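Thank you all for making time this morning. I would like to walk you through one structure, slowly, and I ask you to keep the picture in view while I talk.

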Amino acid sequence: MKCDRRGKDGMEFRKTTGADVAAVCGIYDFAKRSFAQAGIPQWQEGTYPDAATVEGDIAQGIGYVLCDGGEVVGAVALTTQGEEGYRHIFDGAWLTPLDGPYVTVHRIAVSGKHRGKGLSKRIMQEAEALAAQRGFPSVRVDTHEQNAVMRSLLSGLGYRQCGTIILLDGDEKGAPRLCYEKLI
């Protein structure tokens with residue numbers, strides 16, 4: 001399946017390549033600093049997400065970038081394999097069957113230089129378009145409780161808060177995350 005999509009605005013949404021690693025790492029580093037300045041403990045333990053994370057996303061075929069005039073302005077990982085951590089939801093329930101198919105959004109971030117231009121919204125809409133193209137009934141995502149910007153974005157796009165999950169691995173293993181789902 002062809003993954004490149006060019007919008008009416010000329011921006012391109014495509015798979016991440018090796019040539020994008022430095023730009024994506026720069027975007028993630030900016031996001032980490034922004035979280036720290038806002039007092040949000042998300043992405044503050046260890047080095048995650050880092051170059052190894054981005055390279056892993058490329059190898060798995062799940063990394064995507066949003067480009068404007070050839071410049072990488074946003075990044076995300078989109079998986080369709082299901083998330084083990086999503087099998088145990090607390091204080092709620094998913095909108096679709098627990099073991100049913102869905103697209104998961106991970107590591108969404110935009111360039112500091114392009115902050116406030118609606119690019120996160122655009123990336124989420126691309127995730128939804130990918131889910132629809134592939135016949136998935138929903139998109140799921142989780143975020144830190146203190147990440148008010150992401151929570152507002154999700155609410156504005158019609159995502160429903162479904163409960164809480166616990167991260168099962170990585171630098172933040174054991175940390176709770178609010179989880180959301182939107183029917184496509």
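What follows is a tour of a few residues and of one pair of helices.

Please keep in mind throughout that this is a predicted model, and that the values I quote are computed from it.

Let me begin with the two helices. Helix 3 covers residues 119-133 and helix 4 covers residues 148-156, and their axes come within 11 Å and cross at roughly 50°. Because angles from 65 to 115 degrees count as roughly perpendicular and those under 35 degrees as roughly parallel, helix 3 is described as oblique to helix 4. The crossing of helix 3 past helix 4 is right-handed. Which residues make the contact between helix 3 and helix 4? On the side of helix 3 they are Ser120, Lys121 and Met124, and on the side of helix 4 they are Met150, Leu153 and Leu154.

Met124 deserves a closer look, and you can find this residue in helix 3. Is Met124 buried or exposed? Its relative accessible area is 0%, and so Met124 counts as buried. Setting aside residues up to four places away in sequence, Met124 touches Met150, Leu153 and Leu154, which we have just met, and also Val105, Ile108, Leu157 and Tyr159. For a sense of distance, Trp94 is 30 residues from Met124 in sequence, and the two C-alpha atoms are 19 Å apart in space.

From here we can go to Thr143, since Met150 is among the residues that Thr143 touches. Thr143 belongs to strand 6, which runs over residues 138-143, and with a relative accessible area of 1% this threonine is buried. The side chain of Thr143 makes a polar contact of 3.3 Å with the side chain of Asn147. Beyond residues up to four places away in sequence, the partners of Thr143 are Gln42, Met150, Arg151, Arg177, Leu178 and Tyr180.

A second threonine, Thr164, sits in strand 7, residues 160-166. What is the relative accessible area of Thr164, and what does that make of it? The value is 16%, and because the cut-off for buried is under 20%, Thr164 is counted as buried. Apart from neighbours within four places in sequence, Thr164 is in contact with His88, Ile89, Phe90, Asp91, Pro176, Arg177, Leu178 and Cys179.

Two names from that list are worth following. Asp91 lies in the loop between strand 4 (71-79) and strand 5 (103-110), and at 74% relative accessibility Asp91 counts as exposed. The phi angle of Asp91 is positive, at about 60°, although this residue is not a glycine. Cys179, by contrast, counts as buried, with 0% relative accessibility.

That brings me to the cysteines, and to a reminder for anyone new to the term. A disulfide is a covalent bond between the sulfur atoms of two cysteines. How many disulfides does the structure hold? There are 0 disulfides. Cys179 is in no disulfide, and the nearest cysteine sulfur to its own, that of Cys162, is 5.8 Å away. Cys67 is another cysteine that counts as buried, in this case at 3% relative accessibility.

My last stop is the loop between helix 1 (21-37) and helix 2 (51-60), where Pro49 is placed. The peptide bond from Tyr48 to Pro49 is cis, with omega near -15°. Trp43 is found in the loop between helix 1 and helix 2 as well, and phi of Trp43 is near 60°, a positive value in a residue other than glycine. At 7% relative accessibility, Trp43 counts as buried.

Where does Asp171 lie? Asp171 is in the loop between strand 7 and strand 8 (176-183), and with a relative accessible area of 42% this aspartate is partly exposed. Although Asp171 and Trp43 are 128 residues apart along the chain, their C-alpha atoms are separated by 8.2 Å. Leaving out residues up to four places away in sequence, Asp171 touches Glu45, Gly46, Thr47 and Tyr48. The side chain of Asp171 reaches the backbone nitrogen of Thr47 at 3.3 Å, and a polar atom of that side chain also lies 3.3 Å from the backbone nitrogen of Tyr48.

That is the end of my tour, and I am happy to go back to any of these places.

Terms used
Residues are numbered from 1 along each chain as its sequence is written. This is a predicted model: local features need pLDDT of at least 70, side-chain atom pairs count only at pLDDT 80 or more; totals for chains, interfaces and linings use all residues. Side-chain values use heavy atoms; hydrogens and water are left out. Helices (H or I, at least four residues) and strands (E, at least two) are DSSP runs, numbered from the N terminus. Buried means under 20% relative accessible area, exposed over 50%, partly exposed in between (1.4 Å probe, protein chains only). A polar contact is a pair of N or O atoms within 3.5 Å; within protein, one must be able to donate a hydrogen and the other to accept it, and residues adjacent in sequence count only if both atoms are side-chain atoms. Contact means heavy atoms within 4.5 Å. A disulfide is a pair of cysteine sulfur atoms within 2.5 Å. Axes are lines fitted to C-alpha atoms, for helices over the stretch in contact, and angles run from 0 to 180 degrees between N-to-C directions. Angles under 35 degrees count as roughly parallel, over 145 as roughly antiparallel, 65 to 115 as roughly perpendicular and the rest as oblique. A crossing is left-handed if the near helix is turned anticlockwise from the far one by less than a right angle, and right-handed if clockwise.
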